[in-house]
Amino acid sequence: MSEPSRVEVPLLNMQVAEQSRRAPAPMVAKAPAGIRRFLHTQTSGAVADRAFGGLMLTCALSILAIVVLIVVMLLDQSKLSLHAFGLKFFFRTAWDPVSGDFGALPFIYGTLVTSFLALCIAVPLALCVAIFIMEISPAFLRTPIAFLTELLAAIPSVVYGLWAIFVLVPMMRDHLGPFLAKYFGWTGLFGGSNFGEGFLTAGIILSIMILPVISSITREVMGAVPISQKEAALALGATRWEMIRMSVLRNSRIGIVGAVILGLGRALGETMAVTMVIGNNPQISHSLFAPGHTLASVIANEFTEATGDLYLSALIEIGLALFLVTIVVNSIARLLVWAVTRGKPVAAH
Amino acid sequence: MTQIRPSRSNASIRQATNHIVTAISILSTIVVLVPLIAILFYLIYKGASSLNLAFFTHTPKPVGESGGGMANSIVGSSLVLLVASLMGIPIGIAGGVYLSEYGSGTWMGAIIRFTADVLNGVPSIVMGIAGYALIVVHQHHFSALAGGVTLSIMMIPTVTRTTEEMLRTVPNSLREAAYGLGVPRWRTVLSISLRSAAPGIITGCMLAFARVAGETAPLLFTAFGSNFWPHSLNEPIAALPLQIFVYALSPYDEWHRLAWAGSLVLITLIMLSVGLVRYVTSRGQLKGGM
Amino acid sequence: MGVGIEVVDLNAWYGVTHTLKDITLNIPPNSATALIGPSGCGKSTFVRCLNRMHETNPAARATGTVKVGDRDIYRDASPVEIRRRIGMVFQRPNPFPTMSIYDNVASGLKLNGFRNRKVLDEVVERSLKQSALWEEVKDDLKKKSGASLSGGQQQRLCIARALAVDPEVLLMDEPASALDPVSTSKIEDLIFNLKNEYTIVIVTHNMQQAARVAENTGFFLMGQLVEFTSTNVIFTKPKDKRTEDYITGRFG
């Protein structure tokens, strides 16, 4: 805007000129007289506001109350077992409802083994799928494939279990199991008799179930990598894979770890499908063909049949342990994902 | 002087690596899609061949008798889910309104948000125990109500967090516009914020609904299951996922077929409810509106 | 008819920043008053203090006296009641995207519980005519969303929405800064025509705009009201050296 140092003449002239070409004011009816009177007599709504805000707060607080109540209830109901066995509960292998001798180690072992197997299978696949969808796939395939992998997440656990019983278990028994025993029997992981149900089958079905979680969060994290980073790598003459490795994976690795841990959280607590194919036997076996039990599956299987207060209390203590472990695992995962997708830029190395 | 020009072999190795990785990722995607397609194929193949009118109109027959259906489970599931939605959705939305419109930036809001995330990650079997300990123990019997309340507790955190996220996408200028007109805050929240975010919130509610619709573990020790028509919400009640679980583990072919048919119906219901609401919310919008 | 505004010793803080310092002025009724000054000088904060909109930001607070008509708005009434008497138009057009054009205009009444359809129809037509939008939208009042209009039309829709509650004062916070020149000139015409009926306070960073529409102009600088007098005087014989420097483009 350039204006001369003496302003009076140009500005005033402009104002006059503007006014002379103005459209005449439209002829409009007078405002209905009732409007101001109506509005001025309306209440300020302060009472309603306070009531509404209070209601919202109450509902939000109910979430807090529920969690506190769950913890208190679980603690209270597992008192018997806590007193009887103390912390040693988690290192004992006995599980004998008849004599009232309980220990959670077989279930912890089963949960760890199946979750670990699931991660071993799901993580590489999920990463590849995420890379394919985000960086390699032609645009027209991107949405359908993303949708299909999300669809995997919408299938109920019990349906996975049903499918596993009638498709995966026979396949395991007749084809995959013998194959593994023949070529990888030397590892000692595939010994003993193979009935199709056991740790490995549970691990496989778990891997299918946690894959969409890991894949979709990995995609989200990869999507947060700035395009300039990718272009920088390409401009240096990197091949597509080198670009993915240097820019995309390097920048999103913390978020990917978060996605994997979130998948772990899901695997630890997954119940129905595992219960249906793991064989339900509280034993610690180094063979992946052996039937086992997880923390979640033993509860699902024995809770309604638990006779005796100590038995029930031991099962609830297992539930409490599962609750606390998943809280820790999920909190770590959320923190990591959050750090990448909305937090400050991750420190470069 | 060292030669800095990249050698030809180095370049071809790099290219080869690039191609191998691309191939691996394509192969992995196919490997991942195989079980999905296999599951859907089995569901439709086994399920559709076992579906008949009796499935939708009859209660289960005792072992040994052929025929029978899962009508009581369908009705039971609907009742349990109705209870869950009636409780979970309003409380969840109100919680989200608090987090976005009242408690954002406060320590109270941060605590509640964290708790909601914690609750969201609680394994469903633990929610089953919680439902048992909170309700069944005090009522001294299993009931549809206990099942519904347990599922509603699972819906609340999901609904709360989506509602909060969706309300945050509503531009502040719209709230200011309403305040500028002298509209009280509660009215602004209801008619402007929630109204603008409605499509996203409804989708979030549907996803929460779809998630709990297929849940089995929380119902094991709450709704418990039943072979008869439901008479009241205060007695054990059948539910589709529970019945599928029982039938799948049974040794009878007849029941296996019913389990497949039940799974097909369950998944269809879940997909339909999600699809239907998406369709409804995408229509009825004004031209140029959000 | 509009009412006058009397401001005495108005101070405002945003967090720890003192954004308005001892502002005292009298805005005459049924006229347009322009507030000019460089960005961050407090002019926007000032209009927001006139209808207590600053209170929507928890970090902001204000002290002093603001009388609109015979009401002391900080002591005699709640913010909600005040804002029903004082309309406000914002920098960026903000029609409600989920509402039709009709509902947008009627929103101030409907959301406050007014239900008489016949009166609403009348008010919507009148307000849209006042804001010179009636001819352009009368055929799809209830069919189209407020967000489907062009930027300039949206801003006139927002003016119609503010006028529909028949306010005593109309506050405009840089109403044309996000618009193209043609839309800007339409908005200016509007202000010029409306000022006989309402008391208009308009914040602008555009000095020609102030000169074109306002009887009186105030110049803000660093939270202070440097000069407040008739527009002709401020643009021709400013008393204060800082005002003259700003108007002649030596800074800001």
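I began with the fold of chain B, which reads α-α-α-α-α-α-α-α-α-α-α along the sequence. The radius of gyration of chain B is 25 Å, well over the 19 Å that the globule rule gives for 290 residues, so chain B is more spread out than a compact globule. I note that the model is predicted.

**Entry: chain B as a whole**

I counted eleven helices and zero strands in chain B. The C-alpha trace of chain B spans about 90 × 70 × 40 Å along its principal axes. I then looked up burial, and 55% of the 290 residues of chain B count as buried. Chain B exposes about 12,700 Å², and carbon and sulfur atoms supply 68% of that area. For contacts in chain B between residues at least 6 apart in sequence, I found that 74% join residues at least 24 apart.

**Entry: nonpolar patch**

I looked for nonpolar side chains on the surface of chain B. Val75(B), Leu79(B), Leu82(B), Leu86(B), Leu145(B), Trp229(B) and Leu233(B) form a patch there, with about 580 Å² of accessible area together. Helix H3 of chain B, residues 71–102, gives the most to this patch, with four residues. I checked Leu79(B), which lies in helix H3 of chain B. Leu79(B) has a relative accessible area of 30% and is partly exposed.

**Entry: chain B against chain A**

I took the interface with chain A next. Chain B puts 79 residues into the contact and chain A puts in 71 residues. The area buried between the two chains is about 6,400 Å², with 83% of it from carbon and sulfur atoms. I found one salt bridge across this interface. Arg14(B) pairs there with Glu242(A), and the closest N and O atoms are 2.7 Å apart.

**Entry: chain C against chain B**

I repeated the lookup for chain C, where 30 residues are in contact with 21 residues of chain B. Chain C and chain B bury about 2,100 Å² between them, and carbon and sulfur atoms carry 65% of it. The salt bridge count between chain C and chain B is one. Glu176(B) and Arg48(C) form a salt bridge, with the closest N and O atoms 2.4 Å apart. I checked both residues, and Glu176(B) and Arg48(C) are buried.

**Entry: salt bridges within chains**

I found 26 salt bridges over all chains of the structure. In chain B, the side chains of Glu164(B) and Arg113(B) meet in a salt bridge at 2.9 Å, N to O. Glu164(B) lies in helix H6 (residues 144–168) of chain B and Arg113(B) in helix H4 (residues 107–121) of chain B, so the pair ties together parts that are 51 residues apart in sequence. Glu164(B) is buried, at a relative accessible area of 1%. I also noted a network of salt bridges that links Arg113(B), Asp117(B), Arg161(B), Glu164(B), Glu165(B) and Arg168(B).

In chain C, I found a salt bridge between Lys110(C) and Asp103(C), with the closest N and O atoms 2.8 Å apart. Lys110(C) is partly exposed, with a relative accessible area of 22%. Asp103(C) counts as partly exposed at 24% relative accessibility.

**Entry: His18(C)**

I closed with His18(C), which lies in strand S2 (residues 17–27) of chain C. The relative accessible area of His18(C) is 31%, and the residue is partly exposed. Leaving aside neighbours within four places in sequence, I found His18(C) in contact with Asn11(C), Ala12(C) and Trp13(C). Gly37(C) is 19 residues from His18(C) along the chain, and their C-alpha atoms are separated by 17 Å.

Notes:
Residues numbered from 1 in each chain as written. Chains lettered and ligands numbered in written order. Predicted model: local features only at pLDDT ≥ 70, side-chain atom pairs only at ≥ 80, totals over all residues. Heavy atoms only, no water. Patch = residues over 30% accessible without salt bridge, like charges linked within 9 Å, V, L, I, M, F, W, Y side chains within 5 Å. Areas by Shrake-Rupley, 256 points an atom, 1.4 Å probe, with all protein chains shown as cover. Salt bridge = Lys/Arg side-chain N within 4 Å of Asp/Glu carboxyl O. Helix = DSSP H or I, 4+ residues; strand = E, 2+ residues; numbered from the N terminus. Buried < 20%, exposed > 50% of the residue type's maximum accessible area, 1.4 Å probe, protein only. Rg over C-alpha atoms; globule rule 2.2 N^0.38 Å. Contact = heavy atoms within 4.5 Å. Buried area = accessible area lost by both parts, 1.4 Å probe.
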